[in-house]
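Me: Please take a close look at one charged pair in this structure and describe its setting with care. From there, work outward to the neighbouring parts, and explain each step where a reason can be given.

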Amino acid sequence: MKARRTTSGLPRAEGEAAQRRSNPLGAATGRRSRVRAWPPADSRTRSAARQRAQMDELRQGIRYRRIFVMLLGVIIAVSAVVVLLGTVGLVAETRSRPLTAAEQNQYKDEEIARRWQAWPATGVFPEEVKYVGLDRAQQYARRVGIAPEADCGKGVDTSVAEVLRDHNCVTVLRATYTDQTAAFVITVGVAVLEDEESRVSATDELTKDDRVGVLPVAFPGTVSERFGREQRQRTGWVGAGPYIVFSTAGYADGRTRAAVPPEEILHSELWPAAKSIGNQIAYFLADPPKVPPCTQGNVC
């Protein structure tokens with residue numbers, strides 16, 4: 001048999017040719033095959049699912065980010081509007097403007113209501129008080145002394161104290177005066193109520209009995225030292241703002257009410273003087289203050 005020639009021109013052994021024919025890939029026997037290993041089908045499925053999940057998470061994150069940005073924008077816009085409105089309101093509030101009629105009345109009421117605390121005791125009870133005696137003669141009463149601030153139940157008679165307590169009485173202030181001739185002694189008492197409405201309600205219930213009212217205050221070593229409850233000849237009161245101003249009068253010589261004939265009291269200068277002094281102090285307390293025309297003074 002004739003031997004086959006190889007492409008190189010050399011004869012190939014029959015055994016070698018037989019081995020090559022038995023190897024379908026044509027590789028020499030004894031060499032490792034280089035066939036590629038493909039991943040299983042379920043691995044490719046898991047990879048695709050993972051990629052889809054990652055894309056879904058990315059899209060969801062983008063949506064959340066958009067929502068967050070929108071909410072943040074809304075919050076910033078609302079905050080800006082609130083700040084703007086607050087600034088406008090603050091400017092409008094702090095800007096000086098004319099007072100309304102209601103604001104003017106409120107200013108007057110508050111100013112009058114705080115005088116008993118804002119003023120010194122000598123402001124509530126001046127050293128000298130002008131009064132009108134008989135025949136319209138103008139005279140001056142002099143202050144003898146100022147009593148300590150008293151509870152509403154202790155500075156007046158019991159029947160009066162009950163009315164004051166029922167209408168939110170705050171305190172009672174008292175001072176004693178003597179007339180220009182030093183013949184009469186007058187105690188003036190200021191009952192402080194919470195407001196004018198309470199004062200009006202209280203005065204509507206006060207008795208007209210001229211034997212009860214403010215309790216007299218005597219100061220030892222002065223013309224008033226013998227002035228007590230029994231020496232009161234008459235009592236009265238007048239309302240002014242949140243104040244009820246009581247007055248009571250007697251003789252400096254210590255005469256009691258029972259010792260003085262009624263006709264003498266009727267024709268005496270004692271009660272006109274006492275009533276005038278009480279009215280003057282009430283006027284001081286409730287005199288309407290000067291109201292500034294604008295919220296920040298006199299310039300709007």
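**A charged pair and its surroundings**

Reply: Asp210 is partly exposed, because its relative accessible area is 22% and a residue counts as buried only under 20%. The model is a predicted one, and what follows should be read with that in mind. The partner of Asp210 is Arg257, with which it forms a salt bridge whose closest N and O atoms are 3.2 Å apart. This pair links distant parts of the chain, since Asp210 belongs to the loop between α7 (196-205) and β5 (234-240), Arg257 belongs to the loop between β6 and α8 (262-266), and the two are 47 residues apart. Arg257 is likewise partly exposed, with a relative accessible area of 30%. In general, side chains of opposite charge can pair when their charged atoms come close. Across the structure, the count comes to twelve salt bridges.

Another of these bridges is found between Asp253 and Arg255, whose side chains meet at 3.0 Å, N to O. Asp253 is partly exposed at a relative accessible area of 38%, and Arg255 counts as partly exposed at 29% relative accessibility. Elsewhere, salt bridges that share partners join Glu111, Arg114 and Arg115 into one network.

Arg255 also has an aromatic contact, for its charged end sits over the ring of Tyr251, 3.8 Å from the ring centre. Tyr251 itself counts as buried, because its relative accessibility is 4%, whereas Arg255 is partly exposed.

The ring of Tyr251 leads on to a further kind of contact, as a search of the whole structure finds two aromatic pairs. In one of them, the rings of Phe184 and Tyr251 have their centres 5.8 Å apart and their planes at 65°, so the pair is edge-to-face, the cut-off for that class being over 60 degrees. This pair, too, links distant parts of the chain, with Phe184 in strand β4 (residues 184-193), Tyr251 in strand β6 (residues 243-251), and their positions 67 residues apart in the numbering. Phe184 is buried, since its relative accessible area is 8%, and Tyr251 counts as buried as well.

From strand β4 one can step back to the loop between β3 and β4, where Ala182 lies. Although Ala182 is not a glycine, it has a positive phi of about 65°, and it is partly exposed, with a relative accessible area of 38%. A related backbone feature is found at Asn168, in the loop between α6 (158-166) and β3 (169-178). Asn168 has a positive phi of about 60° although it is not a glycine, and with a relative accessible area of 40% it is partly exposed.

Helix α6 deserves a look of its own, for in it Val160, Ala161, Val163 and Leu164 are buried. Seen down the axis of α6, its buried residues fall within an arc of 160°, so they line one face of the helix. On the other side of α6, Thr158 and Asp166 are exposed. As a general point, an α-helix has 3.6 residues a turn, so residues three or four places apart point the same way. Within the buried set, Ala161 has a relative accessibility of 1% and therefore counts as buried. Ala161 and Asp151 are ten residues apart in sequence, and their C-alpha atoms are 9.3 Å apart in space.

A further salt bridge joins the side chains of Arg142 and Glu127, at 3.2 Å from N to O. Arg142 lies in strand β2 (residues 138-146) and Glu127 in the loop between α5 (121-124) and β1 (128-132), so the pair ties together parts that are 15 residues apart in sequence. Both partners count as partly exposed, Arg142 at 41% relative accessibility and Glu127 at 46%.

Charged pairs are one side of the picture, and the nonpolar surface is another. Phe68, Val69, Leu72 and Ile76 make a nonpolar surface patch of about 390 Å². Val69, one of its members, is found in helix α2 (residues 41-94) and is partly exposed, with a relative accessible area of 44%.

To return to the starting point, Asp210 and Arg257 form a salt bridge, and each of them is partly exposed, Asp210 at 22% and Arg257 at 30%.

Technical notes. Residues numbered from 1 in each chain as written. Predicted model: local features only at pLDDT ≥ 70, side-chain atom pairs only at ≥ 80, totals over all residues. Heavy atoms only, no water. Phe/Tyr/Trp six-rings, centres within 6.5 Å; stacked < 30°, edge-to-face > 60°. Helix = DSSP H or I, 4+ residues; strand = E, 2+ residues; numbered from the N terminus. Buried < 20%, exposed > 50% of the residue type's maximum accessible area, 1.4 Å probe, protein only. Lys NZ or Arg CZ within 6 Å of the ring centre and 35° of its normal. Patch = residues over 30% accessible without salt bridge, like charges linked within 9 Å, V, L, I, M, F, W, Y side chains within 5 Å. Areas by Shrake-Rupley, 256 points an atom, 1.4 Å probe, with all protein chains shown as cover. Salt bridge = Lys/Arg side-chain N within 4 Å of Asp/Glu carboxyl O. Arc of directions from axis to C-beta.
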